[in-house]
Amino acid sequence: MSVSRRSFIATSAAATLGASSTAAGGSTALGTQARPADDTMKGVSKWDLDTPALCVDLDALERNIAAMQSRLRALKVASRPHAKTHKCPAIAKLQLASGSIGICAAKLSEAEVFSANGIGPILMTTSNVSPAKIRRAMALRRSNSQFVQAVDYAPNARDLNDAAREAGIVADVVVDVAVGSRSGVPAGDQAIALGQLVDRLPHLKLRGIISYDGGAQHIKGFKARLDQTLNRFAPSLETFEAFKRSGLSTEIFSGGGTGTYNILPRADGVTDVQVGSYIFMDCQYIEIGGESNEQVYDDFLPSLTVVTTVLNTYFPKSITTDAGAKALTLNRPGPWVLGEHEFTYNAGSDEFGVIRYETARRSYAVGDKLDLIVPHCDPVVNEYDQLYAIRKDRVEAVWPIVARGKSQ
Ligand SMILES: Cc1ncc(COP(=O)(O)O)c(C=O)c1O
């Protein structure tokens, strides 16, 4: 077991939640459908929820949102949180209310959901290349004047321009400058040429640059992450300077994520960071270490957990639960059982989790509840219709994950 996992589970405040997680009262009847997202669940104990149940601790969530805002304020950049993490308009509204300048969306169907639920400023960080999506994106821009679309390919810019003309609009566009090779136009001449093309096209309005480095976010150790992030970002920064010299718009210069929120602002000109996971945290992020704690990334509190029920304890050193791959995904590392740092949780079966252990801090019986930190928050959230918003172990609200499954 890694040092960070052991020390995190053993010492975090959240671990005390899991240590007392025996079902506190009768279990609720198993239903075949998700509970309706209404007030009937208000006040119910977290430990009485039907499981697997996706829960967010409101005190921790609010603290994370406030902490990000105050740290970014000191670094003089804004937040434009990536809503792919939570897919939940209720959380987007909390982020905007705390001072975020907008949200990001990864998929057009996600952007459509947020817009339909009253969120104006949406930056779509993925390009739309099929004719149907281009038409839909321009229809969204027509209905939401704050929708901004990424582009990384000259023919796509021309297609967007044609669709914007047909829709009778001038559409806002940012050039996606690649860091690594996943997406985006290569930094330098090709990016500048694309910026100039967008600037010339009469039905597009260039707003600036986005440049996200997916490979940098989980680099372990703050010093390594700092050095590599700034190194890898240097070509984007040079492209940004060239945009400015050429008179191209640099109103937006956006990138970064939870792992680099306090690194990217060191690059001059960055306007905002597209932080996603900081609201929830997960095993993958906790393991990377932070600036003040090399073992555990504790800049933000883990607020998201899945509550699961023990189904079987017949077999020695083994516990079966009701949360498998469909509740937790197959991402690595496997989920962490709060309060039990010696447990190894295998979510490999679709509907069952299997825990193996040598020693346990207490004994477990069928019906007991366990609280789990999830491997990677985004895909786990995408498995649930609703998120229980919990304060002091009681349901305060039930938030529909409205953009759940919106992957097109
Ligand atoms: C383009 C883009 N920006 C921002 C993020 C947010 O990253 P994180 O959840 O690591 O904060 C992601 C996540 O994958 C992303 O794809």
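Start by selecting residues 189-200, which make up helix α8 in this predicted model. Its twelve residues reach 16 Å from the first C-alpha to the last, close to the 16 Å expected at 1.5 Å a residue.

Now color the buried positions of α8: Ala191, Ile192, Leu194, Gly195 and Val198. Look down the helix axis and you'll find that they cover an arc of only 160°, which puts them on the same side of α8. Flip to the other side, and Asp189 and Arg200 are exposed.

What sits over that buried side? Bring up β5, α7 (154-167), β6 (171-176), β7 (204-211) and α9 (222-245), which are among the elements covering the buried residues of α8.

Keep β5 on screen, since it's the next stop. Strand β5 spans residues 147-151, and three bridges join it to β4 (residues 122-124), with the two strands running parallel. To see one pairing up close, pick Leu123: its bridge partner in β5 is Val148.

Zoom out to the whole sheet. It is an open sheet of eight strands with parallel pairing, and you can walk across it in the order β2-β9-β8-β7-β6-β5-β4-β3. Stop at the two ends of that walk: β2 and β3 (103-105) each have a single partner strand, so one side of each is left without a neighbour in the sheet.

From the β2 edge, hop over to helix α3 by selecting residues 58-75. This one has 18 residues and reaches 26 Å from first C-alpha to last, close to the 26 Å expected at 1.5 Å a residue. Which residues of α3 are buried? Highlight Ala60, Leu61, Asn64, Ile65, Met68 and Leu72. Seen down the axis of α3, these buried residues fall within an arc of 135°, so they line one face of the helix. On the other side of α3, Ala66, Ser70, Arg73 and Ala74 are exposed.

Now show what the buried residues of α3 pack against: β1 (53-57), β2 (78-79), α4 (89-97) and β9 (272-273). Before leaving, step just past the end of α3 to Lys76 and check its backbone, where phi is positive at about 65°.

Last stop: the ligand. Select the 15 residues around it, then pick out those that come nearest, namely Gly257, Thr258, Gln274, Gly276 and Ser277. Color the shell by class and you get four nonpolar, eleven polar and no charged residues.

Definitions and conventions
Residues numbered from 1 in each chain as written. Predicted model: local features only at pLDDT ≥ 70, side-chain atom pairs only at ≥ 80, totals over all residues. Near = placed C-beta within 6 Å. Nonpolar A, V, L, I, M, F, W, Y, C, P; charged D, E, K, R; others polar. Helix = DSSP H or I, 4+ residues; strand = E, 2+ residues; numbered from the N terminus. Expected span 1.5 Å × (residues − 1). Buried ≥ 20, exposed ≤ 12 C-beta atoms within 10 Å, placed from the backbone. Arc of directions from axis to C-beta. Contact = placed C-beta atoms within 7 Å. Pairing = 2+ DSSP bridges.
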